[in-house]
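Biologist: I am new to this structure and would like a close look at one single part of it. Please choose a loop with an unusual backbone, and then set it in the context of the whole chain.

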Amino acid sequence: MKKIKFLVPILALAFVSCDQYLDINDSPNNLTFDKATPSKLLPGAQVSTYRVQVGNMNQLGNVFMNSWTRNVNSFGNGFDKELQLNLDNGFYAPIWDGLYRELKNYQAIIDYPNPSGQYDNYVAAAKICKSFYTQYIVDLYGNAPYSQAWKGSANVTPAYDDDYAIYQALIADLEDARDLIANAPTTVEDITPYDVMLGGDMARWVEFANTVQLRLCLRMSEVTGAKATFRDTKLADIAAGPFLSDNVAINPGWTGATADQLTPMISNYFYNTDQSNLQNRTFIAMTGHAWKSLQSYASTNYPAAGSQEIIAGSGVFYPNVTDPRSARIFTGGIQGTAVGPRRAVNQGSSFVDVAGPTTAVPGPPSRLGALGHINPYDQAGIFSGAAAGFPADFFGVDGFIMTYSESCFLQAEAAVRYPALFSGGQFWFEEGITDSFAFRNAAIGSYIATINAKSNFGWTASTTNAQKLHAIMYQKWIALMGINGIESYIDYTRTGYPLTPLSSNAGQTRKPYRLIYPVSEYVANSANVPAMSPTDPFVINALTPFWVPGAN
């Protein structure tokens, strides 16, 4: 696992990334946006977009995928709109606003004068990152400003582009990036000192570009006609890879020195710099669905025999396996002054209602497990015995933009859907599981053999493509739980897998296909933003992202 440490001045710049955050004046001690070179823009862009991903995007995905709910034992409200599916133009608006604001930095790198090709590696990295994050704009909102976006005062009311056209442009950017890397001049500037993601390893940037393109193409797995022809062509272009050989991690030099320098995963969900728990550590609780997915029948207080069906009438039952990752992802809640037994809350319930058969309920529910989220691969040396308690490195571990396990599951899905181009489906499926266990510091034991005997959850017993796809999405959901939850929600939107119950107090009959454009667009770009009603996200219409089955 590559870890990159940078000096504080570079770290400081990473948190001051967009022109509206820079102090624009003539002081030589303050850098204005128009004078920022690619080396000054890249680390700030990488960190600021990751903050949006690990914050609002990750939280929404985990609640929508029925992994997280609120601790009803201690809080009377919270996650109300998410559980009730009450969407409006204020609902998770920071996703749109944050990504558009921070993507400007990547565009500034792309537009920076570069007649000699000196900055080609910066431009390549910027194009790949811009494609990675703009995909989420399309996936969550459909049509969006693109060709006229990020022009600042030159165009403050950009027109909306067709979502499929944006996808085509994103793949073109990935192709351009690979070409720039392959043909960089001998005078190209080394980005190693400023690349806080891949440390200037341009071969890894090619892997990342290929993996992002694979994900874009798999999103389009259900399109037809000319769109399908385009997809198949772009899949063939990358079929030989290489795809990610390791995680795309980010670490500009996180430390526990100040709140701004904490790893965002920690500062969003776990600890303050004084090692005290954030409120989110108490507020976010394990759901009953997550418990039942990760625990055996014998270790669960099911209300009645035969009630293990995930969704009534689906014919698919929880796998009846105690997953060793479960206790790493969710640990017991605080009971008195000690960590109590593990419990969970069915989404929509007003009390803690899921636990082991002999555990009293209600009581404090399970909370997010630090060792399964912020000690990846035992970076802090807690399990290897190199450290104990709260070592300093615990606050400086990597963040994760795209995990190796996600890449493995993408390749497994490609092998199921496009066997003429991709192979090794079972290998990549099991490789993704193996990496997930290592990430969570959980002992894998005989888990793969056990789960492979379960149709819809393991490979061998899943004899149809639908069962294999469900197994892939189920394992990807566990691997990304708490790390990049939005990815599993988008997978669910496009495939319907893994089966995921609605909250019992949901006001809709299904999860939304998309979000509503934020109020900032209706205020500042009213001539262009499409009008939406609160019910539009729940039906397939002209506003639905083009790759949703039935929308194209």
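Modeller: A good place to begin is P242, which lies in the loop between helix α8 (225-238) and strand β4 (248-250), where helices (H or I, at least four residues) and strands (E, at least two) are DSSP runs numbered from the N terminus. Please keep in mind that this is a predicted model, in which local features need pLDDT of at least 70 and side-chain atom pairs count only at pLDDT 80 or more, while totals for chains, interfaces and linings use all residues. Residues are numbered from 1 along each chain as its sequence is written, and side-chain values use heavy atoms, with hydrogens and water left out.

What draws attention in this loop is the peptide bond between G241 and P242, which is cis, with an omega of about 0 degrees. Most peptide bonds are trans, and most residues other than glycine have a negative phi. A second cis bond runs from Y497 to P498, with omega near -10 degrees, and P498 sits in the loop that connects α18 (485-495) to α19 (519-524).

From the loop of P242 one can step towards the interior by way of F208, whose contacts (heavy atoms within 4.5 Å), leaving aside neighbours within four places in sequence, include L244 and V248, and residue 248 is where β4 begins. The other partners of F208 are I128, F132, M197, L198, I401 and M402. Together with W205, F208 touches the most other members of the largest nonpolar core, which holds 164 residues; such a core is a set of buried Ala, Val, Leu, Ile, Met, Phe, Trp, Tyr and Cys residues joined through side-chain atoms within 4.5 Å. Helix α5 (residues 120-141) supplies the largest share of this core, with 14 residues.

Other loops have backbone features of another kind. Y92, in the loop between α3 (80-84) and α4 (93-111), has a positive phi near 50 degrees although it is not a glycine, and its relative accessibility is 8%, so it counts as buried (under 20% relative accessible area, with exposed meaning over 50% and partly exposed in between, for a 1.4 Å probe and protein chains only). Q275, likewise not a glycine, has a phi of about 75 degrees; this residue is placed between α9 (264-269) and α10 (279-283) and is partly exposed at 37%.

Helix α3 also contains Q84, which is partly exposed with a relative accessible area of 33%. Although 423 residues separate Q84 from G507 in sequence, their C-alpha atoms are 5.1 Å apart. Beyond its neighbours up to four places away, Q84 touches N505, A506, G507 and Q508.

Widening the view to the chain, there are 19 helices and 12 strands. The radius of gyration, taken over C-alpha atoms, is 23 Å, close to the 24 Å given for 552 residues by the globule rule (2.2 Å times the number of residues to the power 0.38), so the chain is as compact as a globular protein of that length. Its C-alpha atoms fill a box of roughly 70 × 55 × 45 Å along the principal axes, and buried residues make up 60% of the 552. Of the contacts with a separation of 6 or more, 72% join residues 24 or more positions apart.
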